[in-house]
Amino acid sequence: MTEACPHLTPEHVHAVQPSALGCEDCLKTGDTWVHLRLCTECGHVGCCDNSPNKHATGHYHTSRHPVIQSFEPEEEWGWCYPDQLYFDSLGPAPNQSGHHYG
């Protein structure tokens with residue numbers, strides 16, 4: 001982490017139970033995704049901005065939960081939406097799916 005982020009607090013970043021093993025919203029509609037992101041506040045699993053529906057970003061806009069992390073195997077990076085900050089590692093995400101496409 002190169003810059004301080006006021007959202008890296010226990011309120012916003014803590015151990016969460018993933019809401020699904022794929023994009024929660026794409027699974028409901030039968031859509032596909034490219035990569036998965038995990039909300040570190042509530043556990044919502046959404047698809048990345050390279051996916052057609054961009055559900056992770058949509059979740060941020062509706063919930064205002066600021067921090068996500070990759071939900072892909074071997075990736076530990078994170079992102080803060082309001083501060084537009086990238087973090088090299090937030091630690092491993094729980095129960096990563098390993099599936100890239102829905």
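## Strand E1 and its two faces

Both faces of strand E1 are covered in this predicted model. Leu36 and Leu38 are buried on one side of E1, and Arg37 and Cys39 are buried on the other. E1 spans residues 36-39 and is joined to E2 by 3 bridges, the two strands running antiparallel. Across this pairing, Arg37 stands opposite Gly46 in E2, and Leu38 stands opposite Val45 in E2.

E1 also pairs with strand E3, residues 67-70, again over 3 bridges and in the antiparallel sense. Here Cys39 stands opposite Ile68 in E3. Cys39 thus takes part in the register with E3 and belongs to the buried set of E1. The connection from E1 to E2 is a hairpin with 5 residues between the strands. Within that turn, Gly43 has a positive phi of about 90 degrees.

## The sheet

The strands form an open sheet of 5, in the order E2-E1-E3-E4-E5, with antiparallel pairing. Strand E2 (45-47) and strand E5 (85-87) stand at the edges; each has a single partner strand, so one side of each is left without a neighbour in the sheet. Direction ignored, neighbouring strands of this sheet are turned by 30 degrees against each other on average.

Along the sequence, the elements of the protein chain run α-β-β-α-β-β-β from the N terminus on. The total is 2 helices and 5 strands. In the sheet order, E1 lies between E2 and E3.

## Helix H2

Helix H2, residues 55-63, packs on the sheet and touches E1 and E2. The direction of H2 makes about 120 degrees with that of E2. The buried residues of H2 are His55, Ala56, Thr57, His59 and Tyr60. These residues pack against H1 as well as against E1 and E2.

After H2 comes Arg64, whose phi is positive, near 65 degrees.

## Helix H1 and the segment before it

By the distance rule applied, the structure has 1 salt bridge. Lys28 forms this salt bridge with Glu24, the closest N and O atoms being 3.5 Å apart. Both residues lie in helix H1 (residues 24-29), 4 residues apart, which is about one turn of the helix. Lys28 is exposed, with a relative accessible area of 64%.

Pro18 lies in the segment before H1. In contrast to the exposed Lys28, Pro18 is buried, with a relative accessible area of 11%. Pro18 and Thr40 are 22 residues apart in sequence, and their C-alpha atoms are 9.2 Å apart in space.

## Cysteines

The structure holds 0 disulfides. Cys23 is in no disulfide; the nearest cysteine sulfur is that of Cys26, 3.6 Å away. The cut-off for a disulfide is 2.5 Å between the sulfur atoms, so the distance of 3.6 Å from Cys23 to Cys26 does not qualify. Cys23 is buried, with a relative accessible area of 0%.

Cys42 is likewise in no disulfide, the nearest cysteine sulfur being that of Cys39, 3.7 Å away. The 2.5 Å cut-off therefore excludes this pair too. Cys42 is partly exposed, with a relative accessible area of 37%, whereas Cys39 is one of the buried residues of E1.

## The chain overall

Of the 102 residues of the protein chain, 43% count as buried. The chain exposes about 5400 Å², and carbon and sulfur atoms supply 51% of that area. Among contacts in the chain with a separation of 6 or more, 50% come from residues 24 or more positions apart.

Conventions:
Residues are numbered from 1 along each chain as its sequence is written. This is a predicted model: local features need pLDDT of at least 70, side-chain atom pairs count only at pLDDT 80 or more; totals for chains, interfaces and linings use all residues. Side-chain values use heavy atoms; hydrogens and water are left out. Buried means under 20% relative accessible area, exposed over 50%, partly exposed in between (1.4 Å probe, protein chains only). Contact means heavy atoms within 4.5 Å. Accessible areas come from the Shrake-Rupley method with a 1.4 Å probe; for residues, only the protein chains shown count as cover. A salt bridge is a side-chain nitrogen of Lys or Arg within 4 Å of a carboxyl oxygen of Asp or Glu. Two strands pair if DSSP finds at least two bridges between them. Axes are lines fitted to C-alpha atoms, for helices over the stretch in contact, and angles run from 0 to 180 degrees between N-to-C directions.
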